[in-house]
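Colleague: Please give me a close account of one part of this model, namely the pairing of charged side chains where the chains come together. I should then like the account to move outward to the surrounding elements.

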Amino acid sequence: MSLDPETVRTIAALARLRVAVDQLEPLGKELSAIIGFVEQLQGVDTADVAPMTSVIDLLLPERNDEVTDGNCRDGVLANAPERIDCFYAVPKVVE
Amino acid sequence: MTLAEASQQLQARALSAVELTRAHLDAMASRRSLNAFITETPELALERAAEADARRAQGAALGPLDGIPIAIKDLFCTEGVLTTAASHILDGFRPPYESTVTAKLKAQGAVMLGKTNLDEFAMGSSNITSYYGPVKNPWGPVDGKDLVPGGSSGGSAAAVAAGLCLAATGTDTGGSIRQPASFCGIVGIKPTYGRCSRWGIVAFASSLDQAGAMARTVRDAAMLLQGMVGHDPRDSTSAPVPVPDFTAALGQDIRGLKIGIPREYRIEGMAAEIDALWRQGCAWLEDAGATTVEISLPHTRHALPTYYIIAPAEASSNLARYDGVRFGLRVPGASLDEMYQNTRGEGFGAEVRRRILIGTYVLSAGYYDAYYLKAQKVRTLIANDFRDAFRSVDVILTPTAPSDAFAIGERLDDPIMMYLNDVFTVPTSLAGLPGISVPGGLSKRGLPLGLQVIGRPFDEEAVLRIAAVIERCAGFSGQPRG
């Protein structure tokens, strides 16, 4: 399996990662080597094997649906790269 | 001085926490060239040390960790203190909250000296992917070349080995505590998945990430670990199981215990000195009355490819949160989408980018079943191998890493060569089991080599008990130069 520049461009777009045009090909080669490495799993017999969902034998705990936290707006916003009043500011989304 | 000795001296009032802290801050200042810390917190440390002394003066000391100076891997969120994950994308991030593990340590009086360097987002085995530059192994240089401390908890390992702190926290996803412990000649324990809360630890691969302790002796590692573990309702994967007294396991008789030696770990081309150390480890344990048994973990060779599907898949999902909107770096763009792309394109380093792309690929439509689901099935087989083996043995002994520390700049061309560092540690992580690396001896080049002990789920006690015997037999007193 080899990842051509077009595939790399598609994955990078899905991952919202800017990749320079001249990097698409070398990156594709690097990624292809890794995909080639993990491809060996195709040879493992996994018929009737359940995919792992939890590595330890524990039931997912349940709790009451109660508010236990909150009222920390300023803390939440404190690290915003850009804010207006008590909102995160981003480039215009709707014209 | 060990953590245990320092704790006793504090209790005996032979030493104050402020004196102890100041000595460590001085050591840190004199070894800045190691680049072990991303952020030093001397004022905070002295303040907490003074509080510890005040408590002790009033007879209200909090326990064995009260006043003990430690370092924190910069992957744990610390309230008001810069937390970077060694990534450009978290520029300036000061969490408004404290991770559960560091909050516990703080509540027990431990004194944070600073935040240690690591591979970016804990992705690496050499500490060279840090945005803040590589860490130097205090055992180097060799032949004029600086050595890596291993990774990803490389800053913690270097700080502990160089005596810049009494112990340090680490995190381990595929070997990130154990491999650097081996490279730096210290003890590193990754407990069972679920022992430590992951709340407030910057996430890499959530089904694998686990915090643990790094220190110069097994006892010290057990003492720090004791302060880190326990159920946390804020992490649904943290285990509501009783926590034993880990130090009580040390020094206990190991006669009659069965030690598994997995034949699949005798990999082709393994360095003779690694094999020799492994045999030596078996001999020590047999002399102490244990029995070694050859076992088979047949799916071992599939562990690395499984890991390099699952870990990047989880990482690509976890790292979606870094978008330039809520915290960290923002690189402007004409549209929201462009802003995302620019921020992430500039904020992530090469290795993180590679893993995000691999993860996105294996999770994308048409490939999910072939890669991700397949890997989760093979992961079941790997975990079953261990479960079967533990029907007949109590612990498993292996080397920690296939080599001693390599030079900074080596093994960069081929990511897969780099991944092979974790060949002995990744299977344990995939199975969620506790593992420790304990120094066993020195390589021909005079560098430390570790042995790994793997235990049953939640049986850290057996792991520590065996490690303590290896530590005693090895008589490892190696000190890095400098």
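Modeller: A salt bridge is taken here as a side-chain nitrogen of Lys or Arg within 4 Å of a carboxyl oxygen of Asp or Glu. The model is predicted, so local features need pLDDT of at least 70 and side-chain atom pairs count only at pLDDT 80 or more, whereas totals for chains, interfaces and linings use all residues. Residues are numbered from 1 along each chain as its sequence is written, chains are lettered from A and ligands numbered from 1 in the order in which they are written, and side-chain values use heavy atoms, with hydrogens and water left out.

One such pair crosses from chain to chain: Arg354(B) and Glu30(A) meet through their side chains, with N and O 2.6 Å apart. In all, 3 salt bridges are counted between chain A and chain B. The contact (heavy atoms within 4.5 Å) draws on 44 residues of chain A and 69 residues of chain B. About 4800 Å² is buried between the two chains, 71% of it on carbon and sulfur atoms; buried area is the accessible area (1.4 Å probe) that two parts lose on being put together, summed over both.

The pair between the chains does not stand alone, for Glu30(A), Glu351(B), Arg354(B) and Arg355(B) are linked in a network of salt bridges. Within that network, Arg355(B) pairs with Glu351(B) at 2.7 Å, N to O. Because Arg355(B) and Glu351(B) are 4 residues apart in helix 11 of chain B, about one helical turn separates them. Helices (H or I, at least four residues) and strands (E, at least two) are DSSP runs, numbered from the N terminus. Arg355(B) is buried at 4% relative accessible area, and Glu351(B) is buried as well, at 9%. Buried means under 20% relative accessible area, exposed over 50%, and partly exposed in between (1.4 Å probe, protein chains only).

Helix 11 also packs on its neighbour in the sequence. Two packed helices are described by the angle between their axes and the distance between the axes. For helix 11 (residues 350-363) and helix 12 (residues 368-389) of chain B, the axes come within 7 Å and cross at roughly 105°. Helix 11 of chain B is therefore roughly perpendicular to helix 12 of chain B. The axes are lines fitted to C-alpha atoms, for helices over the stretch in contact, with angles running from 0 to 180 degrees between N-to-C directions; under 35 degrees counts as roughly parallel, over 145 as roughly antiparallel, 65 to 115 as roughly perpendicular and the rest as oblique. Helix 11 of chain B contributes Tyr361(B), Val362(B) and Leu363(B) to this contact, and helix 12 of chain B contributes Tyr368(B), Tyr371(B) and Tyr372(B). By class, the contact residues are 6 nonpolar, no polar and no charged. In this scheme Ala, Val, Leu, Ile, Met, Phe, Trp, Tyr, Cys and Pro count as nonpolar, Asp, Glu, Lys and Arg as charged, and the others, Gly among them, as polar.

Over all chains, the structure holds 26 salt bridges. One of them joins Asp74(B) and Lys115(B), N to O 2.8 Å. Since Asp74(B) lies in the loop between strand 2 and helix 4 of chain B and Lys115(B) in strand 3 of chain B, the pair ties together parts that are 41 residues apart in sequence. Asp74(B) is buried, at 0% relative accessibility, and Lys115(B) is buried with a relative accessible area of 0%. In chain A, Asp74(A) forms a salt bridge with Arg73(A), where the closest N and O atoms are 3.6 Å apart.

The loop that holds Asp74(B) also holds Ala86(B), between strand 2 (69-73) and helix 4 (100-107) of chain B. Ala86(B) has a positive phi of about 60°, although it is not a glycine, and it is buried at 0%.

After strand 3 (111-116), the loop that leads to helix 5 (154-161) of chain B contains Pro141(B). Pro141(B) is joined to Gly140(B) by a cis peptide bond with omega of about -5°. Ser152(B) has its place in the loop between strand 3 and helix 5 of chain B, and the peptide bond from Gly151(B) to Ser152(B) is cis, with omega near 10°.
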